[in-house]
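Me: I'd like a close look at one part of this protein, its salt bridges. Please walk me through them slowly, and then tell me how the rest of the model frames them.

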Amino acid sequence: MTDASGTPDASGTPDVPGASGAPDAPGAPDERRTDVGTPTPDELREQVERTRDELGQTIEALAGKADVKAQAKEKTAQVADRIHDKAAHTAQLVHDATPDPVLDAAGRVASTARANRKPLLVVGAALVVVLLVLRGRGRGRSHGRGCR
């Protein structure tokens, strides 16, 4: 306490509000609100953390939208899945609509082709060569006639 002149009394503490370390003093160690509109340091820390979290989520969302390469890959994968599903569905429809004797014959042809791959490849390659030679001769004749 102080006397009338404002000098400390025998207790050694000045008569200043909040100087005794009371919780209502500004800057006091106890972090309770002193005014209704002023947040405490703990409340400010919580608010900063919430703002950081929200900002991080916003940045991640914007980065995801800006990553064109990732979006293209995702879209490609979706389209490929749809095509695969439609192809499987179409194959099932064809299988269901095809008579059993035709399916049996196709199965036998496929198993024979698998068992005799080399001869089948040789015949296929020979057929390609023959077609290329015939095509080349056809072009040679048309150029020869136009020049004469």
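**Salt bridges along a helix**

Reply: Let's begin in helix α1, which covers residues 41-66: Arg45 and Asp42 are three residues apart there, so about one helical turn separates them. Please keep in mind that this is a predicted model. The two side chains form a salt bridge, and their closest N and O atoms are 2.8 Å apart. A pair counts as a salt bridge when a side-chain nitrogen of Lys or Arg lies within 4 Å of a carboxyl oxygen of Asp or Glu, so Arg45 and Asp42 qualify at 2.8 Å.

How covered are these two partners? Arg45 has a relative accessibility of 49%, so this residue counts as partly exposed; the limit for exposed is over 50%. Asp42 is also partly exposed, at 39%.

Now follow the helix on to the next pair. Arg52 forms a salt bridge with Glu49, and here the closest N and O atoms are 3.2 Å apart. Both residues belong to helix α1 and sit three residues apart, about one turn of the helix. With a relative accessible area of 54%, Arg52 is over the 50% limit and therefore counts as exposed. Its partner Glu49 comes to 41% relative accessibility, which makes Glu49 partly exposed. With the pair of Arg45 and Asp42 and the pair of Arg52 and Glu49, you have met both bridges, as the count for this model is two.

Here is the setting around them. The protein has four helices and zero strands, so its pattern along the sequence reads α-α-α-α. Of its 148 residues, 2% count as buried, a label that needs a relative accessible area under 20%. The accessible surface of the protein is about 12900 Å², and carbon and sulfur atoms hold 61% of that area.

A word on confidence to finish. The average pLDDT of the protein is 79, and 70% of the residues score at least 70. Residues 16-23 are a stretch to read with care: pLDDT stays under 50 there, and the model gives this stretch five contacts beyond four places in sequence.

Definitions and conventions:
Residues numbered from 1 in each chain as written. Predicted model: local features only at pLDDT ≥ 70, side-chain atom pairs only at ≥ 80, totals over all residues. Heavy atoms only, no water. Helix = DSSP H or I, 4+ residues; strand = E, 2+ residues; numbered from the N terminus. Buried < 20%, exposed > 50% of the residue type's maximum accessible area, 1.4 Å probe, protein only. pLDDT = per-residue confidence, 0-100. Contact = heavy atoms within 4.5 Å. Areas by Shrake-Rupley, 256 points an atom, 1.4 Å probe, with all protein chains shown as cover.
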